[in-house]
Amino acid sequence: MTWIGMAGRDLSKEEILGLTERSAEEARQRICNAPKRVLLLPPDITRAHSGAGYITERLFRIFTERGAEVHVIPTLGQHVPHTPEQNRWMFGSIPESRIHAHDYKEGSRVIGEVPADFVRRVTGGAVDWPMPVAINTMLLDGGWDLIINVGHVVPHEVLGFANHNKNYLIGLGGKATLCASHMMAACCGIENNLGSLVTPLRACFNYAEENFLSHLPDCYLMVTMRYNEQARLVHSGFFVGDDLQTYLDAAKLSRSQNVTVVDKPIQKIVAVMQGDEFYSTWVANKAVYRTRMAMADGGELLIIAPGLKRFGEQPEIEQIIRKYGYVGTEAVMKLWRENADLQDFANGAAHLMNGSSEGRFTIRYAAGHISRADMESVNFQYADLSDTLKRYNPDSLKTGYNKLPDGEEIFFISTPSAGLWTTKERLENRRFPDIVS
């Protein structure tokens, strides 16, 4: 049941904070009137633009002032933990001692599995292995009276749309779950996932939540965002509840606002991955995921990423990306079957599949701290950042088509992680319909 469903107009920061206070009161009334231990689960810094940081800070204050001991675990998945400076930038006044880093390799335990026959059925036979359910031990053992998941519902390459129980099963998932789930989604095909309300993997996550996490005293607080007439990202929806319907309400709004259907495939896209949020191709490749359904064969995707300094978020993944490169699904699947390191870190293999253009178009990075030799060694092309910023100054470009003084036409995207760009044909030609079970 959706407790709060606010949509239909843009929401100011003050309104978002007012709705946050109302959400806290709803949670008290419906879950625990006087919680002593409260856990907040926001996204990590790569979704800082969603306002999840100040929402989490307000929730922290509300429950602390009522006498609760409140803790925060950013739902990192396998991303690099925040520095204290990043925590202050995102979460403001929340004490560093109350913010905990998720360790996907050592900080979880397996509590069950999604059976292979269920996986086989929802994937149409594309995957035939069970999915272990490994979850953060602090979540499992904390004795929480109330858990609030905070997040941004937006098209997502693995789950169709981000947030909801993704916070648990990826954001706080253990290595076994991350590997099995990412490989499952990659085998289903990224174009089949993006923009689908309930993908095969989401169906598996729903199974896992119902069978292994239903005892948690939790709820979901989810925002949506859209580009307004001034091409600025603004909040467009606010949804709170404790069930799948709450997610579906938010995802339907996101699908109506965050999926841009272009008339024809685009020859050149210039996209910006903000330097204070994106430091690796593991996360900056969202520019690839969210645009590949709009890219023309033989076209070019130019990604401006001034903060980029590495490929992986973890040393093992960095090594895998440098060793094998973004060589496409067919090649990676063959390598995965033959190499123990890819089998051990199947999430890395899945990332290599998702981050490739499959030979259809050029992916060129203008990166802040990665050399030409390193960039080309992983099968991407290189552009000088300074020269690129002079020619394609983000401050002078508008979202959508732009014509430069010399006649070059480009399609500019200021925040690829906030949406999905596709042709109508690619959006409609999907292998999997939305799964509701």
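**Exercise 1. Classify F411 by its relative accessibility, then describe its ring partner.**

Step 1. F411 has 5% relative accessibility, so F411 counts as buried. The cut-offs are under 20% relative accessible area for buried, over 50% for exposed, and partly exposed in between (1.4 Å probe, protein chains only).

Step 2. Y401 has a relative accessible area of 34% and is therefore partly exposed.

Step 3. Y401 and F411 form an edge-to-face aromatic pair, at 4.9 Å centre to centre with 90 degrees between the planes. Rings of Phe, Tyr and Trp (its six-membered ring) pair if their centres lie within 6.5 Å; planes under 30 degrees apart are stacked, over 60 edge-to-face, the rest tilted.

Step 4. Y401 lies in strand β16 (residues 400-403) and F411 in strand β17 (residues 409-413), so the pair ties together parts 10 residues apart in sequence. Strands (E, at least two residues) and helices (H or I, at least four) are DSSP runs, numbered from the N terminus.

A note on the source: this is a predicted model, where local features need pLDDT of at least 70, side-chain atom pairs count only at pLDDT 80 or more, and totals for chains, interfaces and linings use all residues. Residues are numbered from 1 along each chain as its sequence is written, and side-chain values use heavy atoms, leaving out hydrogens and water.

**Exercise 2. How many aromatic pairs does the structure hold, and how do the rings of F118 and Y207 sit?**

Step 1. The structure holds 6 aromatic pairs.

Step 2. The ring centres of F118 and Y207 are 4.8 Å apart and the planes stand at 45 degrees, so this pair is tilted.

Step 3. F118 is in helix α4 (residues 116-122) and Y207 in helix α9 (residues 200-213); this links distant parts of the chain, 89 residues apart.

Step 4. F118 is buried at 11% relative accessibility. Y207, at 22%, is partly exposed.

**Exercise 3. Which residues of helix α13 are buried, and what do they pack against?**

Step 1. In α13 (residues 315-324), the buried residues are I317, E318, I320, I321 and Y324.

Step 2. These residues lie on the same side of α13, because they cover an arc of only 165 degrees around the axis. The arc is taken from the directions from the helix axis to the C-beta atoms.

Step 3. Exposed P315, Q319 and K323 sit on the face turned away from the buried side.

Step 4. The buried residues pack against α11 (281-284), α14 (329-338), α15 (340-344) and α16 (346-354). Contact means heavy atoms within 4.5 Å.

Step 5. Just after α13, G325 takes a positive phi of about 75 degrees.
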